[in-house]
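Please open the structure in your viewer and keep the selection panel at hand. The tour moves from the whole interface to single residues and strands.

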There are 2 protein chains.
Amino acid sequence: MQEIRVELTDHPKPKPTAADKLEFGTFFTDHMFVMNYDEGEGWHDARIVPFGPIELSPAAMCLHYGQSVFEGMKAYRAVDGRVLLFRPDKNMARLNSSNDRLCIPLIDEKFCEKAIEKLVSIEKDWIPSAEGTSLYIRPFIIGIDPHIGVHPARHLVFIILCCPVGAYYPEGLNPVKIYVEKNYVRAVRGGMGYTKTAGNYAASLKAQDEAEKQNYTQVLWLDGVERKYIEEVGTMNVFFVIGDEIVTPELQGSILPGITRMSSIELLKSWGMNVVERKISIDELAEAARNGRLKEAFGTGTAAVISPIGHLKWGDEIMDINNGEIGPISQRLYDTLTGIQWGKIKDTFGWTVEVK
Amino acid sequence: MQEIRVELTDHPKPKPTAADKLEFGTFFTDHMFVMNYDEGEGWHDARIVPFGPIELSPAAMCLHYGQSVFEGMKAYRAVDGRVLLFRPDKNMARLNSSNDRLCIPLIDEKFCEKAIEKLVSIEKDWIPSAEGTSLYIRPFIIGIDPHIGVHPARHLVFIILCCPVGAYYPEGLNPVKIYVEKNYVRAVRGGMGYTKTAGNYAASLKAQDEAEKQNYTQVLWLDGVERKYIEEVGTMNVFFVIGDEIVTPELQGSILPGITRMSSIELLKSWGMNVVERKISIDELAEAARNGRLKEAFGTGTAAVISPIGHLKWGDEIMDINNGEIGPISQRLYDTLTGIQWGKIKDTFGWTVEVK
């Protein structure tokens with residue numbers, strides 16, 4: 001395994017104070033992890049260096065052709081002071097799945113987990129400790145060949161950034177308003193929907209922008225083929241409680257295999273609940289809402305953990321869910337997942353990894 | 001209209017010599033055009049400066065979320081020494097169409113045409129004059145907010161690069177081998193297929209890579225919904241001569257509206273030929289090949305202009321087209337388009353713009 005060279009900053013920045021709101025993705029810690037790939041040499045020169053700008057050729061391939069993948073994860077300050085990561089092996093496995101689809105050389109997952117641990121350990125004083133706060137971790141890989149022409153990059157860089165972030169729900173879990181997107185498609189089978197790659201997020205901007213202009217928080221994406229099966233909500237996976245069944249769309253290539261999704265399914269099963277991964281059409285959902293069987297709806301993702309949906313608009317039809325309040329299953333999932341993440345609940349699944 | 005500030009380099013690079021092969025996208029001229037967008041200020045600070053690296057935050061949005069659009073066009077050294085652009089207004093209009101889809105602030109098309117002319121005029125000694133060579137021009141826009149979070153950028157930069165490029169066909173037009181892609185999809189209606197944005201090219205890498213490993217030049221893309229209608233070939237539009245009809249897939253949202261495509265249609269119509277934009281399925285094409293009615297097939301694009309297809313593989317079925325040789329319509333289009341571009345043929349369409 002490579003050594004990780006460490007060069008500490010001479011100019012540490014002041015850490016945000018309790019009064020800072022820690023708007024997501026705005027503050028960065030003092031250091032970042034960097035590693036290069038060059039054809040013939042493989043991944044090499046792993047190092048932790050002061051956070052700062054990077055220099056790229058204006059012809060760098062990532063700027064033109066989007067050969068770019070990333071992950072999102074968090075380090076949590078547990079109630080007993082320990083620093084915990086949540087299933088980092090799953091993030092690194094998914095990064096390699098994205099790499100494969102984007103023709104990016106695979107990383108050594110175990111080594112990159114160690115790199116994350118080492119970076120977080122150096123930045124441990126940046127992990128906020130107020131309720132609901134955490135250190136967001138953003139590993140990403142970009143192709144940097146200074147070359148105009150569509151082909152896989154031969155020179156890439158892997159960078160890991162850290163951002164202290166505030167509580168996602170400073171005022172408690174507030175169910176959101178969502179509308180069903182009819183014009184735009186996020187991804188289609190055969191495309192890149194199952195990966196965390198730049199283009200998927202670029203594709204989502206326009207619909208998200210239009211939703212916000214109409215005072216909706218996010219859109220519910222339908223499949224690109226039949227335009228009827230539910231895929232995701234904004235940048236989260238989605239679950240529905242219909243009668244005594246908990247349904248989430250099955251993974252079939254266009255849906256991101258979320259780690260909070262996976263963990264939610266495992267938790268629900270451990271509680272003996274009837275959770276099913278299958279196709280679910282917007283018609284079926286609307287019918288369930290009409291006859292009173294749609295009891296809860298929620299998104300799952302790293303940032304929000306659980307995001308209850310209180311109001312869903314599909315054309316002229318409005319579905320009000322659980323009177324716009326968070327339901328018992330959403331609440332239990334949220335409490336359990338965040339309880340494990342912040343070390344308040346015993347982790348019987350072996351999901352957390354302590355950073356020493 | 002803004003002024004364009006000019007800062008010339010103190011260190012001009014040696015120009016490539018006739019012996020240099022001018023591999024596409026590898027050599028860059030001495031200068032580049034740069035213009036910034038900042039929320040509240042609009043597009044401002046237009047300047048032509050020495051070509052060189054750019055500095056970005058590692059959190060720059062374009063690196064993570066793919067908010068990036070571009071154009072591709074050429075300046076030609078005409079046989080009488082004039083410098084010609086080909087339909088630059090169409091490139092700028094398409095750039096704004098891409099901008100709209102990607103939530104990027106629109107540019108002033110006329111101003112940006114002038115910026116291209118000014119840059120090309122400064123770099124005119126970089127335009128090669130050997131047969132078939134040209135100066136490739138790459139305008140692009142990227143979102144650069146140093147912010148992790150999916151939303152449209154509030155700070156962007158518009159850059160124009162120039163690359164002297166060699167003849168695409170130094171040994172004459174050689175028909176290429178293509179296979180029909182069955183697993184991967186480039187774009188789907190409702191997505192971004194009609195734009196020149198980074199993610200579309202990222203999505204194409206894997207299929208292209210697999211095609212090359214099987215000794216094919218490119219793939220023929222089918223639609224993402226029914227997986228049967230022909231869309232594009234590699235990064236080009238595609239035409240088929242079937243009986244006395246010339247067919248190209250209609251624009252319906254997932255296909256790039258190519259400027260060479262548009263010009264080819266206009267030329268064919270001016271010659272009184274029966275050119276039709278419509279849906280065409282791979283089954284129809286294979287049937288036409290079987291009964292001898294498929295006479296020619298070719299791609300159209302800025303780089304190759306016309307790229308004849310001599311061999312098409314669809315699963316186990318091989319279609320050999322015109323005995324693997326270039327057909328008369330492909331040849332006539334190539335000769336006419338390149339004749340207009342290099343000023344060898346009178347431009348009765350008003351397509352060329354002289355750079356003074």
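What follows is a walk along the contact between two chains in a predicted model.

Begin by colouring chain A and chain B separately and selecting the residues at their contact, to which chain B gives 61 residues and chain A likewise gives 61 residues. With a surface switched on, you are looking at a contact in which the two chains bury about 4,800 Å² between them, with 66% of that area on carbon and sulfur atoms.

Next, turn to the polar side of the interface, where 24 residue pairs, both members at pLDDT 80 or more, are in polar contact across chain B and chain A. Now hide chain A and keep the side of chain B that touches it: the elements of chain B that give two or more residues here are β4 (54-56), α1 (61-65), β5 (68-70), α2 (88-101), β8 (134-143), β9 (155-165) and α4 (198-213). Select α4(B) in particular, since with nine residues it gives the most to this side. Colouring this side of chain B by residue class shows 35 nonpolar, 17 polar and nine charged residues.

Bring chain A back and look for the salt bridges, of which there are two between chain B and chain A. For one of them, select Asp100(A) and Lys206(B), whose closest N and O atoms lie 3.2 Å apart.

Finally, select residues 54-56 of chain A, which form strand β4, together with β4(B): the two strands run antiparallel and are joined by three bridges. Which residue of β4(B) is the bridge partner of Leu56(A)? Centre the view on Ile54(B), which is that partner.

How values were computed. Residues are numbered from 1 along each chain as its sequence is written. Chains are lettered from A and ligands numbered from 1 in the order in which they are written. This is a predicted model: local features need pLDDT of at least 70, side-chain atom pairs count only at pLDDT 80 or more; totals for chains, interfaces and linings use all residues. Side-chain values use heavy atoms; hydrogens and water are left out. Contact means heavy atoms within 4.5 Å. Buried area is the accessible area (1.4 Å probe) that two parts lose on being put together, summed over both. A salt bridge is a side-chain nitrogen of Lys or Arg within 4 Å of a carboxyl oxygen of Asp or Glu. A polar contact is a pair of N or O atoms within 3.5 Å; within protein, one must be able to donate a hydrogen and the other to accept it, and residues adjacent in sequence count only if both atoms are side-chain atoms. Helices (H or I, at least four residues) and strands (E, at least two) are DSSP runs, numbered from the N terminus. Ala, Val, Leu, Ile, Met, Phe, Trp, Tyr, Cys and Pro count as nonpolar, Asp, Glu, Lys and Arg as charged, and the others, Gly among them, as polar. Two strands pair if DSSP finds at least two bridges between them.
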